[in-house]
Structure formats: structure tokens, C-alpha cells
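The following exercises concern one protein chain and are each followed by a worked solution. Please attempt each task before reading on.

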Amino acid sequence: MNINSRDMTTSELQNLTWGKRHQVRSRLLDAQLWSEFLAINNEMIVTKTGRRMFPVIKTQVTGLCPGDMYTVFLEFVQVVGQRWKYINSEWSPTTTSDPATKNPFYKHPESPNFGKHWMDQPISFAKIKLTNRPDNPGQTHLNSLHQYETKLHIVKVGDPDDVQIFAMPQTRFMAVTAYQNEEVTKLKIKYNPFAKAFKDTKVKAEEKDRREHQDVYQSALGYESSLNFSHQENYNTTTSDDWLSQYGGQREQMNRCQCTACYFVKPQVNHKKCVPIYGSGQDDEHSTYQPASYSWTQLGG
């Protein structure tokens, strides 16, 4: 059966009536979402095993005769007989092209059915799988790196010449084996509730960056955990953010050796004790030491 035997213009579709002279109409749902993707040249993945589409094509049909039977098809029309390539962040046509696939039609699994059935609920094509292999039964074969848009076909059972055809230019997309435009990937992740693989990859990358940043940060704070002061019990416990002020406070302890070696590590055995010059407390048995100021870099920051 050649369901494309009666291609119709937009004006013809608008004037077409049947049954009780009801005008048959088809409206693409989620049109705003499709427009967002169309603005950045939408892409759809085609694989050997088949990949589902997102956004999902959903239409609302009115004007059918409730008691008549209809079969619904979705046609994938190859737009412009050219192959495309993604260069310098944009799609450019090439001089080569692959022949259009032989049977780019998807029959809705609920076909045939009564007109009432098709009008009572949106017609969803969520089960479509796009493939780049011609021998995958039940899947729609498309040429990679070619541009497509879809058309809705409503065929009255018993009268193959009675066909309603509705073009949906908002659904135009590029068939690819991997997303080329990063903006398309971002929109897929943003709007697709089932894009778990993308989201998990993104979360893992962010978690890795966070851990690496934390490791660097902790290494800068490493002195706090590595120091082992002999009089640690005399110091107040502080948060890691206060480590510099803590060490500065330790330096003010009068009973602590003030040399650099003892300041950053455990005091040496039999090390001559040094005290700062505060105007008193000096004797011949102790060396005098003038406290010095240390920068953040010197302290390991």
C-alpha cells in the first residue's frame, strides 16, 4: 500500500472535511519545547540497536468520524538530499548524500482503531526507535548525518486513498550517532526525565571536581592534623578555618619554645628552651627570641 499516494498542501488540508462536515485537525503537543530544540538545530541519536526519541512526538487529533476505523502512521521525511557535517560549532551541508531510506514509516501500535479512540487522548509516538541499520524489524531506519522532519498520516480503513497528511516542521532534527552540539545535550538533560545516564555522568564529574578541590584544600590545612604539641591539652579546640589563628595563639604561650623547629613540630629532646623577649623572664640559661610574623604561604596555605 502506498500511503503517500495523495500528498496534500496545507490549504487542501484546511478545507478537507468528512463525516458530519467536521474539519479534521492535528495539533503538535509540547510545541514550545520543540521550538527550543529547533532553534539550536535539534539532534536525534540513531544506533544499531535503536534509540528512542526525545522530545516525544505527541499530537491531538479532532474531526474524525468516531465510528470509522483509522490507521495512524508517522513518516520521516529526509529534508534536502544532502549529507551534513558539524564544523566550527555549526552544521554545514556537504556535496554528498545517501539515498532516502525505503520505508521511513512508523505504524502506531494501537492501529487500526476507531476515530473516537484517536480523539479521546493524545496520540503518542513514545515507542519509536531510530536505527541506522536497514534490517532492524520494528524500528525506523534513518541515514546518519541527514536532516529529517515528520508528517502524520491518518488512513481510513478500507479506503487507502482517503488519507489525512499533516506536516510537523517543528520536529525537524539531524540524525546523528552522537550528539554534536553541546547545547542540544544540555536541553536533553534539562527536559528529559529519563536522561539518567547524562545526569549521572554530570553528577560524577561534579563530585570528582569537588573531591579534588577538597583534597587540595585539606592539604593546605594539613599542619593542623600533623602537629603534635606536648601541651595540646592546654589549647582550645577550633575549626579548621581557624587554624592560623590557633597556631598564632600557641606562639603566645609563655612556656613554649619559640624557635621555628619547635613551633611547627614536637619540641626536640634536650632542646634548649627559648622564650620571647617580653621585657622580663630572661636569664643566662635561656636564649632570647624575638617573635616573627609568618605569612599564609609560609604556614602551608
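In this predicted model, 36% of the 301 residues of the chain count as buried. The secondary structure comprises eight helices and 18 strands.

**Exercise 1. Confidence**

State what average pLDDT the chain has, and where pLDDT stays under 50.

*Solution.* Step 1: the average pLDDT of the chain is 74, and 57% of the residues score at least 70. Step 2: one stretch in which pLDDT stays under 50 covers residues 1-20, and the model has 44 contacts beyond four places in sequence for it. Step 3: pLDDT also stays under 50 over residues 275-301, for which there are 46 such contacts.

**Exercise 2. An open sheet**

Determine the order of the strands in the open sheet of three strands, and explain why β3 and β12 each have one side without a neighbour.

*Solution.* Step 1: the order is β3-β6-β12, and the pairing is antiparallel. Step 2: β3 (25-28) and β12 (123-124) are at the edges and have a single partner strand each; therefore one side of each lacks a neighbour in the sheet. Step 3: β6, residues 58-62, pairs with β12 over two bridges in the antiparallel sense. Within this pairing, K58 is opposite S124 of β12.

**Exercise 3. A hairpin**

Describe how strands β8 and β9 are joined, and identify which residue in the turn has a positive phi.

*Solution.* Step 1: β8 (residues 84-87) and β9 (residues 90-93) run antiparallel and are joined by four bridges. Step 2: one bridge links I87 with its partner E90 in β9. Step 3: the two strands form a hairpin with two residues between them, and N88 in the turn has a positive phi of about 55 degrees.

**Exercise 4. The nonpolar cores**

Identify which residues of the largest nonpolar core touch the most other members, and which elements give two or more residues to this core.

*Solution.* Step 1: the core has 27 residues, and M53, F76, F125, L130 and F173 touch the most other members. Step 2: the elements giving two or more residues to this core are β7 (69-79), β15 (147-156) and β16 (163-176). Step 3: another core, of five residues, lies apart from it and includes I45, W84, W91 and V176. Step 4: beyond four places in sequence, F76 touches residues including M53, L130, Y148 and F173. F76, Y148 and F173 also form one aromatic cluster. As background, nonpolar side chains in soluble globular proteins tend to be buried together.

**Exercise 5. An aromatic pair**

Explain why the pair of F37 and F54 is edge-to-face, and state which parts of the chain the pair ties together.

*Solution.* Step 1: the structure holds five aromatic pairs. Step 2: the ring centres of F37 and F54 are 6.3 Å apart and the planes are at 80 degrees, so this pair is edge-to-face; the cut-off for that class is over 60 degrees. Step 3: F37 belongs to helix α2 (residues 31-39), and F54 to the loop between β5 (51-52) and β6, so the pair ties together parts 17 residues apart in sequence. Step 4: F37 and F54 are both buried.

**Exercise 6. The surroundings of N113**

Decide whether N113 is buried or exposed, and name which residues are in contact with N113 when neighbours within four places in sequence are left aside.

*Solution.* Step 1: N113 is located in strand β11, residues 113-114. Step 2: the relative accessibility of N113 is 18%, and the cut-off for buried is under 20%. N113 therefore counts as buried. Step 3: with those neighbours set aside, N113 is in contact with D68, M69, Y70 and W118.

Terms used:
Residues are numbered from 1 along each chain as its sequence is written. Side-chain values use heavy atoms; hydrogens and water are left out. Buried means under 20% relative accessible area, exposed over 50%, partly exposed in between (1.4 Å probe, protein chains only). Two strands pair if DSSP finds at least two bridges between them. pLDDT is the predictor's confidence in each residue, from 0 to 100. Contact means heavy atoms within 4.5 Å. A nonpolar core is a set of buried Ala, Val, Leu, Ile, Met, Phe, Trp, Tyr and Cys residues joined through side-chain atoms within 4.5 Å. Rings of Phe, Tyr and Trp (its six-membered ring) pair if their centres lie within 6.5 Å; planes under 30 degrees apart count as stacked, over 60 as edge-to-face and the rest as tilted.
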